[in-house]
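Hi,

Here is the structure I said I would pass on. Have a look at it first, and then read my notes underneath.

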Amino acid sequence: MIKITDIKVSTVLLPFRFAFKHSLASRSFSTNVIVKVKMEDTATGATAFGLGESVPRDYVTGETCQTAIAEIKGNFAPRFLNQFLDQDRKPTESVSRLIEEVAASLNVYGRRVGASFCALELALLDAAAKIEGVSISQWLAAKNGRNAVESIDYGGVIPFGKRKVLAALLYFYKFYGYKTVKLKVGDDPELDLFTVRKARELLGASTVIRVDANCAWDFDSTFEFSQKTQGYNIASIEQPVPFDRLDELVELTKVLKEEIVVDESLCTVQEAQDLARKKACGGFNIRISKVGGLLAAQKIIDIAHQHGISIHLGAQVGESGILTAAGRALACANQKFENYEGAANFFLLKEDLTRENMTAGFGGRGKMPDGKGIGVTVNEQNLNRFEVNLQSADASSAAVEATGRSLHV
Ligand SMILES: [Mg+2]
């Protein structure tokens, strides 16, 4: 029988090559939670290790590395540790049933604890899929009644920055063949307008341009932005208003021709249902880390399909190759998304945690790695090197956010 014999939780601090800034935060490194799960076949003694990651962010779900680790150690892990997988089912099916049971009993899909649950959920699925000898993308695709595709094409994201650097980044995406670029806006109306104008001028008519205001506006300023940028063909406006202003989101969805995408408003499966029912958006930005893992993300995708809502794969800034691979597995297992974000690993992180390079290539192309489970193997040396104790990790994160330091890119 297969038993979950060990669950190890740690925090890593991954340094960036440069600081990344948007309207809610600026950071020059990322603190992430890593979970390692060991499963053992009690009959044969064979073992498998699963790896999971999450990126808790106070300004997204209200979680920090500290709260996430307390939640995992105190509430989630004890529900899985020393449990046996149901031997009448395949390991992936058995472990996903167990995950769903625990999630239901602790109301994981109705509370903003996604970044706490995600790392553990991914590690459990990764270990079970490795034992079974399948990739997560194939397994998820089969559950969806389809075959996994082999690759997806990512869009680019432009953070806040100096005007000079903006042009350099736009040219980079243009010559790298990206078909979609999302601009971070909301800092200052004049700069926003400049950014949009410059992006359309340099990228040409065929590139899809989106903007993300990260909660910076209200109804009136969003409406005004839309009016002023009518000539530039903006496809979507992401999270224009603070996360709890659903009435304003409903109105904006009704009156604007740009698609309203929710991100900070969408952190749980329950919130996806509420947003869909209230018609508060046209698109969901789904980041595995904030919503509680792959199974939660799949539920949100299903809700989107039922309500004619478009889906966008999002990413936390600072994800290592583990979360990038998990996001890609989800994307490859489903119908085409409206847009995919992330996979800037090489450009953002000084060093990654995975042996596989998950960075998107020319045209934003990201191929699914061949490996079983999530598909990546950890670089143990880097994992050990970047591991930090929790107190110092949270203290440094808080310091960065408090100073609002912004080297810009
Ligand atoms: Mg966003």
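Below is what I found in it, going from the core to the sheet, a helix pair and two loop residues.

Before anything else, please keep in mind that this is a predicted model.

Let's start inside. The largest nonpolar core has 118 residues. If you want to find your way around it, try the residues with the most contacts inside it: Val35, Phe284, Leu294, Ile300, Ala326 and Ala329. Helix 4, residues 114-132, gives the most to this core, with 13 residues. Both domain 1 (2-134 + 381-403) and domain 2 (143-379) put at least three residues each into the core.

Leu294 is a good one to click on. Beyond its neighbours within four places in sequence, Leu294 is in contact with Glu121, Leu122, Leu125, Ile136, Leu140, Ile288, Ala326 and Leu330.

Next, the sheet. It is an open one with eight strands in the order 5-6-7-8-9-10-11-12, and the pairing is parallel. Strand 5 (156-158) and strand 12 (339-340) are at the edges with a single partner strand each, so one side of each has no neighbour in the sheet. Further in, strand 10 (residues 283-286) runs parallel to strand 11 (residues 310-313), and four bridges join them. Phe284 shows up again here, standing opposite Ile311 in strand 11.

Then there is a helix pair. Helix 6 (residues 163-175) packs against helix 7 at an angle of about 35°, with the axes 10 Å apart, and their crossing is right-handed. On the helix 6 side, the residues that meet helix 7 are Arg163, Leu166, Ala167, Leu170, Tyr171 and Lys174. Their counterparts in helix 7 are Phe194, Thr195, Lys198, Ala199, Leu202 and Leu203.

Finally, two loop residues: which of them is buried, and which is exposed? Ser206, in the loop between helix 7 (189-203) and strand 7 (208-212), is exposed, because just 6 other C-beta atoms lie within 10 Å and the cut-off for exposed is 12 or fewer. Ser206 is also 25 Å from Arg328, C-alpha to C-alpha, with their positions 122 residues apart in sequence.

Ala360 is in the loop between helix 14 (345-348) and strand 13 (365-367). Ala360 has 27 C-beta neighbours inside 10 Å, so it counts as buried, given a cut-off of 20 or more. Leaving out residues up to four places away in sequence, Ala360 touches Tyr154, Ala343, Arg365 and Gly366. The C-alpha atoms of Ala360 and Gly342 are 8.2 Å apart, and the two residues are 18 apart along the chain.

Cheers

How values were computed. Residues numbered from 1 in each chain as written. Predicted model: local features only at pLDDT ≥ 70, side-chain atom pairs only at ≥ 80, totals over all residues. Core = buried A, V, L, I, M, F, W, Y, C linked by C-beta atoms within 7 Å. Domains from an automatic or database assignment. Contact = placed C-beta atoms within 7 Å. Pairing = 2+ DSSP bridges. Axes fitted to C-alpha atoms, helices over the stretch in contact; angles between N-to-C directions. Left-handed = near helix turned anticlockwise from the far one by under 90°.
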